[in-house]
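Here are some exercises for you to work through with the structure open beside you. Try each task before you read its solution.

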Amino acid sequence: MKKRRRRYAMLMLSALLLCLGVSVYGERAVGETGAPGVRQWKEEDGEIYVSVPLSHYRHKIIRLWWNENEQKYYLFLPSFWREEDKLKLWAGGGGRMSLDGAVLSGGRMQVCVGLHTLEADGETYLLEVMASRNVPALFIEMEEEKLESLGKEPYEQQYGAQAMLVNPEGYAETEAKIEGLRVRGNTSADWVKKPYQMTMHQATDFLGMGGAVKWNLLSNWSDKTLLRNKITYDMAAQAGMPYSPESGFVDLYLNGSYEGCYQLCEKVEIGPGRVDIRNLEEYTLYEPTEEEADPAGGADAVREEPEQYGVRFLENGISLRGYETQTGTEDITGGYLLEIERPSRIYASASFFITRGGQPVTIKRPKYADYAQAEYIAGLWQTFEDALYAEDGVNPGTGLKYTAYIDLESFVKKYLVEEIVRNYDASSTSQYFYKDMDAADEKLYAGPVWDYDMSLGNPIMNPRTNQHYISSVSPYGLFAALPMDPFSIWYHMYEKEEFRKETEQTYEAVFLPILQGLEEGGVDALARELAPSAMMDGVRWGRNKGTDPDGRAADYQESIRELTDFIRLREGYLTGLWVEGRESKKVYLDGGDGDLYISYVEGLVGDVLEVPLAPEKEGYTFVRWLNGYTKEPYAFGTPYDGSDLYFVAEYRSDTDGSILIAGE
């Protein structure tokens, strides 16, 4: 009997020690190499911290966030928090604290979502507790100095960090070392909410998307709904477009600081599970100089002295930049990953070519392309371009149609994605293409899709900052198919009758059911799932107009309504054009010498026309749009009959109240 009791006591002691060890492990953070060790970021005086328990006797430390404008603290709790959890609250450097009048003396206590009164060292503050739901939490921890450098030095890699992905049930699904973390993106890199790229120590699976070394964290700061990228990527995948990026949402905490709701996403790159073609990069050996490794630093100089920076001008009118590399293969036919880029950015690319027609194309892979590789892929693109630009679509030198050089299905579907979402960058940047080696496939493919946060009618895209006086947020009229530049690829594609017919058929058979699914609850379902996290994000980054839970919910729902309205109206227009065969007409505007922001509105005959933006004229106030022929007010609520029509602006003088009509 005594032996049995002794054995039981030993088992209980062992279990207790094991729990203690696990608990201590949960307190640990990241060492220099990213492996579990002594925590590298330290508590700071004046900061307030909360310890939130996970399952298995572990916990995560979260910092309270001070809102300077509201003079209020916020506690952003991850989705695994439960109301019955006992949290530990303390101040860095110590000091007396109380919450709602209850003195905290190192013990744990329960909190609820909502407003609280926090007292720290004799000062009283408001504290609002918000909690995420449904969305996993991603904790990244690194040395504090490296985290500070991450924000100060865009694109500079910070080495050594640790990632832990905790699901809403409180289980750590993924724990892995991050080899390097850096800010990514072009325009988005300048936003206050930074996007990031993680390079893992080894292939790591996040959210069941499969193992890979590189992962992107999209901030989606410009999109209050946070859904536009996700909706578009999923649309492309449902339409059967190969290599469409998989993604999922996470609440990101950097060294315990809540950074918002992020879209954890696959990177567009060549590799298994990504763009799965032969990777010519593996056969291309080159050690770049410091200047070559950072071509953005000399982009202006390259334009002034291109030959000095490795740019060659070929006899066929192509200019390109490549390198004298060591190539481990004689087969340079693939695989390549390409991206259409803006002329102002192309010289910041390590390798690129500019076609005879002026189209700039970055050679993403191989990054440091051999001159022979650059000439090969540029020549192939030029041969395709020559056919595409020909009125009959036939290359005058080879006698082959443009369709002989491309996978038509992939180009049609890629165009449809750009047109449906009315992507602002459709003809200028973030347009990917790829080519495998000839032994596998001789054709160019369009895709994968990428970068759609400023599409789908995103109101952050002020119509007054349009391209060529065309509204970038209107759901009416074609957009991607317009000649934004002389080399706009989708414009030249849409000119071809065969391409238009394929577009109409693919839209009706493939994309229309997807759009109808989004209209019939698909967007709302995504929004309900994400709403608690999205509202926390809106508070953290000032993108939410509401000051209380009801106001925030109403504001978020309004942003979702704007998104669903755009999808419904866009689908109605494209269905009328491509399925019902209805005529679309442009109605031009005359603002006189006023500042006119768009030059026309477009709509289907039989539908109500969109009310144009009001022009501005110094010393006058815009009153209304008139029928240019009759000078009578136009009734915008009535269907347009398709007759000849243009609008003129009516103004009222700010000084004497007199009326001025444009053109009179």
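Before the first exercise, one definition: a helix axis is a line fitted to C-alpha atoms over the stretch in contact, and the angle between two axes runs from 0 to 180 degrees between their N-to-C directions. Keep in mind, too, that this is a predicted model.

**Exercise 1. Two helices that pack**

Task: Decide how helix 7 and helix 9 are oriented to each other.

Solution:
- Start by finding helix 7 at residues 408–420 and helix 9 at residues 497–540.
- Their axes are 9 Å apart, and the helices pack at an angle of about 60 degrees.
- Now use the cut-offs: under 35 degrees is roughly parallel, 65 to 115 is roughly perpendicular, over 145 is roughly antiparallel, and the rest is oblique.
- Helix 7 and helix 9 are therefore oblique to each other.
- To finish, note the hand: helix 7 passes helix 9 in a right-handed crossing.

**Exercise 2. Checking the length of a helix**

Task: Work out what span helix 6 should have, and compare it with the distance between its end C-alpha atoms.

Solution:
- Helix 6 covers residues 371–389, which is 19 residues.
- The expected span is 1.5 Å times one less than the number of residues, so helix 6 should span 27 Å.
- The end C-alpha atoms of helix 6 are 26 Å apart, which agrees.
- Next, look at the start of helix 6: a side-chain oxygen of Asp370 comes within 2.9 Å of the backbone nitrogen of Ala372.
- Finally, see which side chains are covered: the buried residues of helix 6 include Tyr371, Ala374, Ile377, Ala378, Trp381 and Leu388.
- A useful rule to hold beside that list: an α-helix has 3.6 residues a turn, so residues three or four places apart point the same way.

**Exercise 3. The edges of a sheet**

Task: Find which strands stand at the edges of the sheet with the order 20-21-24-25-23-26-27.

Solution:
- This open sheet has 7 strands, and their pairing is antiparallel.
- Strand 20 (311–313) and strand 27 (445–446) each have a single partner strand, so they stand at the edges, and one side of each is left without a neighbour in the sheet.
- Inside the order, strand 21 (residues 319–321) pairs with strand 24 (residues 352–354) over 3 antiparallel bridges.
- In strand 24, Phe352 is the bridge partner of Arg321.

Now try a second sheet, an open one of 3 strands in the order 4-3-7, again antiparallel. Its edge strands are strand 4 (59–63) and strand 7 (88–91), each pairing on one side only. On average, neighbouring strands here are turned by 25 degrees against each other, direction ignored. Strand 3 (residues 48–53) meets strand 4 over 5 bridges, and Val52 has Lys60 in strand 4 as its bridge partner.

**Exercise 4. Buried or exposed?**

Task: Classify strand 29, His116 and Ala662.

Solution:
- The cut-off to use is this: buried means under 20% relative accessible area.
- In strand 29 (residues 600–604), 5 of 5 residues are buried. Tyr600, Glu602 and Leu604 are on one side, with Val601 and Gly603 on the other.
- Strand 29 pairs with strand 28 (residues 584–590) over 5 antiparallel bridges, and Glu602 is the bridge partner of Lys586.
- His116, in strand 10 (residues 114–120), has 6% relative accessibility, so His116 counts as buried. Its side chain reaches the backbone oxygen of Cys112 at 2.7 Å.
- Ala662, in the segment after strand 32 (659–661), has 7% relative accessibility and therefore counts as buried.

Notes: Residues are numbered from 1 along each chain as its sequence is written. This is a predicted model: local features need pLDDT of at least 70, side-chain atom pairs count only at pLDDT 80 or more; totals for chains, interfaces and linings use all residues. Side-chain values use heavy atoms; hydrogens and water are left out. Helices (H or I, at least four residues) and strands (E, at least two) are DSSP runs, numbered from the N terminus. Buried means under 20% relative accessible area, exposed over 50%, partly exposed in between (1.4 Å probe, protein chains only). A polar contact is a pair of N or O atoms within 3.5 Å; within protein, one must be able to donate a hydrogen and the other to accept it, and residues adjacent in sequence count only if both atoms are side-chain atoms. Two strands pair if DSSP finds at least two bridges between them. A crossing is left-handed if the near helix is turned anticlockwise from the far one by less than a right angle, and right-handed if clockwise.
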